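Colleague: Could you take me closely through one part of this model, the place where two helices pack against each other, and then through the pocket beside that topic in your notes?

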Amino acid sequence: MPNVVFDASSIVGAALKTDSMPERALLLARSHDTVCLSSAVEGDIREVLQRPKLRRYISDISRQRILDIVGAGALMFHPTERVSDCRDVKDNKYLELGLAAAASIIVSSDEDLLVLDPWRGIRILRPADYVRLRENRE
């Protein structure tokens with residue numbers, strides 16, 4: 001099973017709307033690939049989902065449901081190689097996790113990451129592109 005990293009922007013998209021493309025991507029990854037996390041990435045996802053501007057749109061139940069989907073069965077990695085290739089330095093944690101996990105794909109809705117595709121052999125795909133790729137493999 002390939003290793004896949006999701007960034008906070010894709011997780012927020014999944015939490016905002018049931019049966020959205022980001023949620024479909026996350027559910028496909030959970031059933032066909034291995035979702036990978038690091039403590040930095042998990043912390044970022046939790047922090048973003050708790051932001052006041054998002055709390056108006058994402059209920060506590062939806063937030064916990066998405067966190068459960070992300071966390072259940074995820075493999076934890078502890079990146080040791082630091083990178084500074086992303087123009088938004090806060091997004092380097094996703095690249096670092098991708099390297100540590102030997103991920104084949106980073107799923108992102110963030111242009112700062114998407115412009116790097118492919119990065120060191122790792123594809124960086126929008127949720128819709130990941131869904132198409134995954135559905136074509138089956």
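Modeller: In this predicted model, α1 passes α3 in a right-handed crossing. The axes of the two helices, α1 and α3, come within 9 Å and cross at roughly 45°, and because an angle that is neither under 35 degrees nor from 65 to 115 nor over 145 counts as oblique, α1 is oblique to α3. On the α1 side the contact is made by A8, I11, V12 and A15, which meet D44, I45, V48 and L49 of α3. Sorted by class, this contact of α1 with α3 has seven nonpolar residues and one charged residue, with no polar residue.

Turning to the pocket, the largest one has a volume of about 250 Å³. It is lined by 13 residues, of which A8, V48, R51, D91 and D110 are the closest to its centre. Two of these names have already appeared in the helix contact, where A8 belongs to α1 and V48 to α3. The elements that give two or more residues to the lining of the largest pocket are α1 (8-16), α3 (39-49) and α6 (92-100), and the largest share, three residues, comes from α1. By class, the lining of the largest pocket has eight charged residues, four nonpolar residues and one polar residue, whereas the contact of α1 with α3 has seven nonpolar residues and one charged residue.

Note on methods:
Residues are numbered from 1 along each chain as its sequence is written. This is a predicted model: local features need pLDDT of at least 70, side-chain atom pairs count only at pLDDT 80 or more; totals for chains, interfaces and linings use all residues. Side-chain values use heavy atoms; hydrogens and water are left out. On a 1 Å grid over the protein atoms alone, a cavity is a set of points where a 1.4 Å probe fits but cannot get out, and a pocket is an open set with protein on both sides within 12 Å along at least five of seven lines; lining residues have an atom within 4 Å of a point. Grid points are joined across faces, edges and corners, and a volume is the space filled by probe spheres set on the points. Helices (H or I, at least four residues) and strands (E, at least two) are DSSP runs, numbered from the N terminus. Ala, Val, Leu, Ile, Met, Phe, Trp, Tyr, Cys and Pro count as nonpolar, Asp, Glu, Lys and Arg as charged, and the others, Gly among them, as polar. Axes are lines fitted to C-alpha atoms, for helices over the stretch in contact, and angles run from 0 to 180 degrees between N-to-C directions. A crossing is left-handed if the near helix is turned anticlockwise from the far one by less than a right angle, and right-handed if clockwise. Contact means heavy atoms within 4.5 Å.
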